[in-house]
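Thank you all for making time this morning. Before I say anything, please take a moment with the sequence and the model on the screen.

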Amino acid sequence: MKTLHNFNFNNQKAIIRVDFNVPLDEYFNVTDTTRIEAAKPTIDKIISGGGSVILMSHLGRPKGFEDKYSLQHIIVSVEEILGYKIKFVKDCIGLEVEKAVENLQKGEILLLENLRFYNEEEKGDLAFAEKLSKFGDIYVNDAFGTAHRAHASTTIIAQFFPNKKCFGLLLAKEIESINKVLSDSEKPVTAILGGSKVSSKITVIENILDKVNHMIIGGGMTFTFVKALGGKIGNSICEDDKLDLAIEILKQAKEKGVQIHLPVDVIAADSFSNDAKTQVVDVKQIPDGWQGLDAGPKSLAIFDRILNDSKTILWNGPLGVFEMETFSKGTITLGESIAEATKNGAFSLVGGGDSVAAVKQFGLEPKMSYVSTGGGAMLEMLEGKVLPGIAAILND
């Protein structure tokens, strides 16, 4: 796996695909700088090695050139985090960009305009990728969040850099962390899969059953399994067309010697509201008119014991509707259990939009071994898929 460590960047122009698709408020201020911070080590290493940097990214889903999606809005935040003056050009191909790249000196950073202003980017257009490739001596992919897309700047461009392409520090760390769970894990391995739908996680479940010892299933998915087992779930969310699938998963797990753990009790509510009336009930005995919105105390105690006996932990998806304070305790307590296990030597990987949002919201991020930056990309790797953006670097 070629990384920055395999190259000498002195007097070289590195064209880096970063993921600066960051959220902006109504005044175009960046409200979460995590993705910019994640790219800093790669940029620092290239600059300190005597190179210069051309950054390319997308922002949002523009239809043609739309000012509200211009990367110009993020320059202030990028400069603050990187600690360098950023040069910017209001295009990503063409004469103006060529001139800016030509004038770029050692130690300087140039940010190109939003790649998705051209629909050739998402189409994976060869000619567009070739134009981008002319700006750099070495191609670095450091955008895990888009590695599952065969776009011009994430995949197609790599073929124009035979033997001069590599993974950035962030993308390399993402690959290593996921491989640490899937291939090089220390046993026992526990996977926690939450979220609302079995259907969105089925391929992940099937792929990792051979690699884990315990699987905790939480969130809305719980109730499809509970109903399949004959339990009463009241008004809880359920995929009725996936009941047979839930039974099949439980059967496969038993055959493979994997212990599946469902919540045994839940916090049930009489409405989907932070102010709803609540009660703790057996997960198989939820009254009509009530719905399970969080894991209960007995469940959390059981999960804590499993996690503290684990050496490798994967967390993808919350245990309840953590966005509402009333139903956040399960997710917070689970996060604290993982943090404790990590402190005691376990390797913990957190990924997927909601779980990442939860660990950040509750201040647990520094207590995890690794928090992934790519939701869809991480899911596809857990499903066993080869991501085109990663394959493009590995194939010379």
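Let me begin with a question: which residues of helix H2, residues 75–82, are buried? Keeping in mind that this is a predicted model, the buried residues of that helix are Ile75, Ser77, Val78, Ile81 and Leu82. They lie on the same side of H2, because the arc that they cover around the axis is only 160°. As a general point, an α-helix has 3.6 residues a turn, so residues three or four places apart point the same way. Turning to the other side of H2, we find Val76 and Glu80, which are exposed.

What do the buried residues of H2 pack against? Their partners are H1, strand E3, which covers 86–89, and strand E4, which covers 109–112. Just after H2 comes Gly83, and the phi of Gly83 is positive, near 75°.

Helix H1 also brings us to my second topic, the cavities. The count comes to one cavity when the cut-off is 30 Å³ or more, and the largest cavity has a volume of about 70 Å³. If you would like to find the place on the screen, its lining includes Val18, Asp19, Arg35, Ala38, Ala39 and Asp142, and it continues with Ala143, Phe144, Gly145, Leu170 and Thr373. Sorted by class, that lining has six nonpolar, two polar and three charged residues. And which helix gives the most to the lining of the largest cavity? That is H1, residues 34–48, with three residues, and H1 is also one of the elements that the buried residues of H2 pack against.

Terms used
Residues are numbered from 1 along each chain as its sequence is written. This is a predicted model: local features need pLDDT of at least 70, side-chain atom pairs count only at pLDDT 80 or more; totals for chains, interfaces and linings use all residues. Side-chain values use heavy atoms; hydrogens and water are left out. On a 1 Å grid over the protein atoms alone, a cavity is a set of points where a 1.4 Å probe fits but cannot get out, and a pocket is an open set with protein on both sides within 12 Å along at least five of seven lines; lining residues have an atom within 4 Å of a point. Grid points are joined across faces, edges and corners, and a volume is the space filled by probe spheres set on the points. Helices (H or I, at least four residues) and strands (E, at least two) are DSSP runs, numbered from the N terminus. Ala, Val, Leu, Ile, Met, Phe, Trp, Tyr, Cys and Pro count as nonpolar, Asp, Glu, Lys and Arg as charged, and the others, Gly among them, as polar. Buried means under 20% relative accessible area, exposed over 50%, partly exposed in between (1.4 Å probe, protein chains only). The arc is that of the directions from the helix axis to the C-beta atoms. Contact means heavy atoms within 4.5 Å.
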